[in-house]
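Trainee: I am new to this structure and would like to know how its descriptions are justified. Could we go through them one by one?

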Amino acid sequence: MIVASHRGPERFQREADGTFTRQRGAGGVVSALQPLLAGGGAAWIAAAMGDGDRAAVAAGAARSDDFDLHLLSLDPDAHRLHYDLISNSLLWFLHHGLFDLPRRPVFDDRFEEAWSAFRSVNQAFADEIVSAARDGDPVLVQDYHLALVPAMVRAQRPDVSLVYFQHTPHCGPNSMGVLPTTAATELLASMRSCPTGFHSQRWVRAYEACCEIVAGMAPGPAFAAPLGIDPEALDASASGPEASRELALLDDLVDGRRVILRVDRIEPSKNIVRGFLAYDLFLERNPQWRERVVFVALLYASRENLAEYQAYRAEVEHAAERVNNRWATAGWTPIALDPEDVYPRSVAGMCRYDVLLVNPLKDGLNLVAKEGPYLNERDGVLALSTEAGAFDELGDAALAVHPFDIAQTASVFESALAMDSDERKARAARLRELTASRTSRHWLDELVAHARAEAG
Ligand code: F6P
């Protein structure tokens, strides 16, 4: 098997004595695939992400015990244009509906340069796949950074068993029409050249409509295969000493109060500011809950080299500060905002919450919405955006959140906190059953089956 993803399964750091140390790679794609494939002989093709990775490649030290690792040392300028401009400032914004359309995006000569860098990075991945692929090897191409790879591989090796999986939503034809037509057509033509998967049937339909309406092409084979949790890894983390220590610290912090939790990257699509505004309204409407609940926001930095993300982080901090200034009393801080990325702390929070808020504007899946209910030990209520892919599977047992409607979100907090214990228990049991029954292994097996079916 071959996996191609922008981020690799391991990151390298050069130490003072010239040797290299390794850490597990970051991001959702790596967390899902790394434990499933480690030690099984898979090849993994990824970009060298920073100085440590690049130095390891140059020194011939970018090797892994678990994978046949191919780290691509890309031209730094081309890589920046590929990742920052096209992947994260254009395609991410497009598929999550984040553009402020009267102002952005603007396509000029700089776009042409960035698009050709996007192409060249995709071509480097495709070339590596072509030289690594052996007969019958399924090749799993992951996410929008590599959307042009399928057509580039097909042009050289039509025989390869290929599947492309996009972890984001897919926008509909009106939004896709914002892209220059040649770029939109190039993306869609590539995706339709192999089976293409998403976490939700809604994104499948949107992708198919884009093929037909924007590009005037029949869509290729497309499927929905939502990612599931990794129960063994979650059980091991929750029962470990670090999570126990974090749980004790959290118990001290909240001091017997009810807990509303969120765990997110600081990311505009996660809709963090509206979550705080809804909580503010909830406290205004419900004096009886003041001092009896803490909103624990475990938020960690993301894409901080992009101006939009820096500005959003400032807005998030400001919104939390405003709520705290308005309502805090001597012994109570209404929002505990924690910007440190400490995984056992997230695990502890998921075990302990009474209400888990997952209110993205749009989200391919949102794995926290599955991991939280699986780990939770207090019959916690899931407040879930209808715009998260995970809503398809969990919506019946969750309380539905309209992500733009803060008055409705405030009412969801009221309902969740006032819910009687029988209903909470029944909903939590159903959520646990749903989240435990579909694992990341099921998802991987389906991807491989789609790749093989196409080749056969
Ligand atoms: O889920 C989509 C995704 O792009 C993943 O591929 C990635 O791990 C995550 O969001 C975080 O983004 P980034 O890799 O840009 O930090």
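Trainee: Which residues of this predicted model are the closest to the ligand, and how many surround it?
Mentor: The ligand is surrounded by 13 residues. The closest are Arg7, Gly28, Tyr83, Asp143 and Arg303. To count as near, a residue needs a heavy atom within 4 Å of the ligand.

Trainee: What makes the approach of tyrosine 83 to the ligand a polar contact?
Mentor: The cut-off is 3.5 Å between N or O atoms. An N or O atom in the side chain of tyrosine 83 is 2.5 Å from an oxygen atom of the ligand, so the pair qualifies as a polar contact.

Trainee: How do you know that arginine 7 and aspartate 143 qualify too?
Mentor: By setting their distances against that limit of 3.5 Å. For arginine 7, a side-chain N or O atom is 2.8 Å from a ligand oxygen. For aspartate 143, a polar side-chain atom lies 2.7 Å from an oxygen atom of the ligand. Both pairs are therefore polar contacts.

Trainee: How much of the ligand does the protein bury?
Mentor: The protein buries 85% of the 380 Å² that the ligand exposes when taken alone.

Trainee: Which helices supply the shell around the ligand, and which gives the most?
Mentor: Helix H1 (28–37) and helix H3 (76–96) supply at least two residues each. H3 gives the most, with three residues.

Trainee: What kinds of residue make up that shell?
Mentor: Four are nonpolar, five polar and four charged. Gly28 goes with the polar ones, because Gly is counted as polar here.

Trainee: What is the strand order in the open sheet of seven strands?
Mentor: The order is E5-E4-E1-E6-E7-E8-E9, and the pairing is parallel.

Trainee: Why are strand E5 (68–72) and strand E9 (222–224) called edge strands?
Mentor: Each of the two pairs on one side only. From one strand to the next, the twist averages 20°.

Trainee: How do you know that E4 and E5 pair?
Mentor: Pairing takes at least two bridges. Five bridges join strand E4 (residues 43–47) to E5, and the two run parallel, so they count as paired. Alanine 46 stands opposite leucine 71 in E5.

Trainee: Why does the radius of gyration agree with a compact globule?
Mentor: For 456 residues, the value expected of a compact globule is near 23 Å, and the protein has 22 Å, which agrees. The C-alpha trace spans about 65 × 55 × 40 Å along its principal axes.

Trainee: How many helices and strands does the protein have?
Mentor: There are 18 helices and 15 strands.

Technical notes. Residues are numbered from 1 along each chain as its sequence is written. This is a predicted model: local features need pLDDT of at least 70, side-chain atom pairs count only at pLDDT 80 or more; totals for chains, interfaces and linings use all residues. Side-chain values use heavy atoms; hydrogens and water are left out. A polar contact is a pair of N or O atoms within 3.5 Å; within protein, one must be able to donate a hydrogen and the other to accept it, and residues adjacent in sequence count only if both atoms are side-chain atoms. Accessible areas come from the Shrake-Rupley method with a 1.4 Å probe; for residues, only the protein chains shown count as cover. Helices (H or I, at least four residues) and strands (E, at least two) are DSSP runs, numbered from the N terminus. Axes are lines fitted to C-alpha atoms, for helices over the stretch in contact, and angles run from 0 to 180 degrees between N-to-C directions. The radius of gyration is taken over C-alpha atoms; the globule rule is 2.2 Å times the number of residues to the power 0.38.
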